[in-house]
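Welcome, and please open your viewer. We will take a short tour, one selection at a time.

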Amino acid sequence: MIVPARMKSAPFFATLSLLFTGVSVSAFATPPTISRVKRQTRSRGRTSSRSSTCSSKSHSYYRGDCRLCSFSSSSSSDDSPQINPNDLESDEERQRRMALVRQIQKSFYSSSSTGIQKNSTKGMVTNVPLWRVQWTELPGYQNVLNCHVAHYTHMFQGVVNGRPRPWYFGHVYLPGGSDNLENPRYRLCEDGDSDAAHVGVLMKVSDYRQLDDGRLLLIAQALGRFRIVDATQHAPYAIANVELTPDRELIQQYYPAALDLVGADEAGIGSDNVKLLQAVAWEAARIAAVNEAMHWETFEYRNVNVNDTLTGGVEVSPIANYDSAEVPTTAFDAESVMRDYIDTAVESSGIEDLDEPPNDLDAASFEDAKREILNIEREVWKDVDYLIQLLGALNPNGGVPVPTQLLGLLPSDQEWPEGFKLNAYVDRLKAEKAVVGTASKSPFVAVDDAAPAYPDLRRAQRLSFGIWVLLDSLLAGFSPAASTRQSVLELDSIWERLDAALRGLNAINTALKNTLEKS
């Protein structure tokens with residue numbers, strides 16, 4: 001039974017104001033915390049059970065070894081005067097010295113490339129430097145990282161200077177952050193003997209600035225989930241080979257076609273080994289889903305420069321916006337991607353260890369799954385609309401901010417029930433050619449209008465992650481579906497995440513309605 005936490009309206013509305021830009025509407029809701037949950041982390045050919053107690057932190061605190069969104073000057077605990085020779089420099093001398101320092105750094109790191117490689121044929125990224133910190137990021141989000149410790153400053157210098165854009169790194173949850181980097185309990189890729197999280201997020205540095213004191217200010221965007229396959233370095237920071245892991249339904253959509261290609265013996269496997277044929281087809285479908293994400297990446301993630309932010313890079317809007325100028329001009333060719341993999345599958349090492357697909361997958365089962373996802377996507381939007389209206393009723397004298405980046409995901413082909421208001425706000429934002437965001441501004445993008453060919457499932461997937469910017473701030477006393485950020489990240493199904501969000505919204509709305517009836 002779900003028991004709502006005590007409502008705290010003032011902090012709640014303050015939190016909303018920080019998260020969302022203010023298009024005033026009538027209405028909104030209350031909080032859930034999250035229970036300790038058991039989760040499954042799979043590596044090739046094995047499954048291990050781990051537990052997670054991760055919870056998201058306020059942006060005003062240190063997260064791991066970088067600090068988000070706020071700065072303060074450090075001071076010595078020693079009261080005796082200390083003179084730094086550099087303090088005697090003129091501004092011009094300091095600028096010359098820092099320019100020389102940066103020139104030396106670029107020269108050093110460019111000659112020692114990080115070696116990160118994104119292999120679209122195998123759906124892998126190799127030699128990924130891992131930022132292991134005590135909080136979890138979700139795909140579709142973005143943050144400002146103020147990196148101040150030596151080993152991660154070194155790591156990020158290698159990322160941004162060691163190779164041309166795009167600049168990738170991995171974000172992985174680690175209780176205690178750097179304090180546990182060399183703790184055997186959290187060592188990566190230790191069969192059965194480690195509590196380390198092996199599911200993380202591939203991140204991209206959108207832009208960065210090096211501060212005069214040596215710190216790095218980085219704008220980082222979370223692209224997609226991965227699973228650590230092999231750790232090649234553990235300290236002073238970890239480096240790993242990772243496998244990109246799209247949601248199950250995004251893989252499932254390509255499985256029937258992949259099975260037809262494999263069944264035509266294009267892989268040279270032979271028709272008698274049915275399980276291996278199915279495993280190769282499922283892997284080909286996974287790789288197609290990975291490449292589909294790459295196809296849409298520049299549209300899904302508008303690049304944010306430090307100079308684009310309202311506070312000089314100290315803060316950025318928490319949800320990455322779409323970029324209507326970067327809609328792909330060519331259609332995604334899934335068949336070619338799958339053929340490329342299948343042609344070399346027999347010669348690939350580890351083919352016997354490929355994951356088998358879920359049972360009873362065919363074109364009909366995918367259409368059923370897609371229909372269920374689009375239905376629950378609609379229900380989530382209805383509950384968000386109801387939530388906003390309830391909040392408006394509880395706070396009639398104050399405007400309630402609308403999460404504008406999320407509103408761009410509202411489906412355009414729906415007949416919404418009477419009294420539904422969010423579509424009117426979307427129409428207004430489009431008509432006004434609104435610029436949206438909190439700490440970083442960009443044009444409002446109605447996704448269905450900007451890219452008519454954009455897949456419905458990708459839109460629903462983005463909502464299934466993005467909705468938690470609202471829920472993990474509101475849900476501070478509920479546990480409708482193991483809704484810590486790490487457990488949300490490890491759900492490999494769009495439907496399951498939307499279902500968890502819907503249960504959280506239902507719990508909030510019930511609590512708000514009861515409060516309204518008693519007032």
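A residue counts as buried when its relative accessible area is under 20%, and as exposed when that value is over 50%. Keep these cut-offs in mind while you look around this predicted model.

**The whole chain.** Start with everything shown. The protein has 15 helices and 13 strands. Of its 519 residues, 52% are buried. About 23,000 Å² is exposed by the protein, and carbon and sulfur atoms supply 47% of that area. Among contacts with a separation of 6 or more, 79% are between residues 24 or more positions apart.

**Helix α12.** Now select residues 456–466, which form helix α12. How many of its eleven residues are buried? Ten are, so α12 is mostly covered by the under 20% cut-off. The buried residues include Leu 457, Arg 458, Arg 459 and Phe 465.

**α12 against α15.** Add residues 494–518, helix α15. Two packed helices are described by the angle between their axes and the distance between the axes. Here the angle is about 40° and the axes are 9 Å apart. The two helices, α12 and α15, are therefore oblique to each other, and α12 passes α15 in a left-handed crossing. To see where they meet, select Ile 494, Arg 497 and Leu 498 in α15, then look for their partners in α12, among them Leu 457, Ala 460 and Leu 463. The residues of this contact comprise six nonpolar, two polar and one charged.

**α8 against α15.** Keep α15 on screen and add helix α8, residues 363–394. The axes of α8 and α15 come within 9 Å and cross at roughly 25°, which makes α8 roughly parallel to α15. This contact brings together 18 nonpolar, three polar and six charged residues. Here, too, the crossing of α8 past α15 is left-handed.

**Two cis peptide bonds.** Move to Pro 166, in the loop between α3 and β8. The peptide bond from Arg 165 to Pro 166 is cis, with omega near 0°. Then visit Pro 236, in the loop between β10 and β11. The bond leading to Pro 236 from Ala 235 is cis as well, with omega near 5°.

**Two positive phi angles.** Select Asn 127 in strand β6. Although Asn 127 is not a glycine, its phi is positive, about 55°. Asn 127 is partly exposed, with a relative accessible area of 29%. Finish at Lys 433, in the loop between α10 and β12. Phi of Lys 433 is positive too, near 50°. Is Lys 433 buried or exposed? At 70% relative accessibility, Lys 433 counts as exposed.

Key: Residues numbered from 1 in each chain as written. Predicted model: local features only at pLDDT ≥ 70, side-chain atom pairs only at ≥ 80, totals over all residues. Heavy atoms only, no water. Axes fitted to C-alpha atoms, helices over the stretch in contact; angles between N-to-C directions. Helix = DSSP H or I, 4+ residues; strand = E, 2+ residues; numbered from the N terminus. Parallel < 35°, antiparallel > 145°, perpendicular 65-115°, else oblique. Left-handed = near helix turned anticlockwise from the far one by under 90°. Contact = heavy atoms within 4.5 Å. Nonpolar A, V, L, I, M, F, W, Y, C, P; charged D, E, K, R; others polar. Buried < 20%, exposed > 50% of the residue type's maximum accessible area, 1.4 Å probe, protein only. Areas by Shrake-Rupley, 256 points an atom, 1.4 Å probe, with all protein chains shown as cover.
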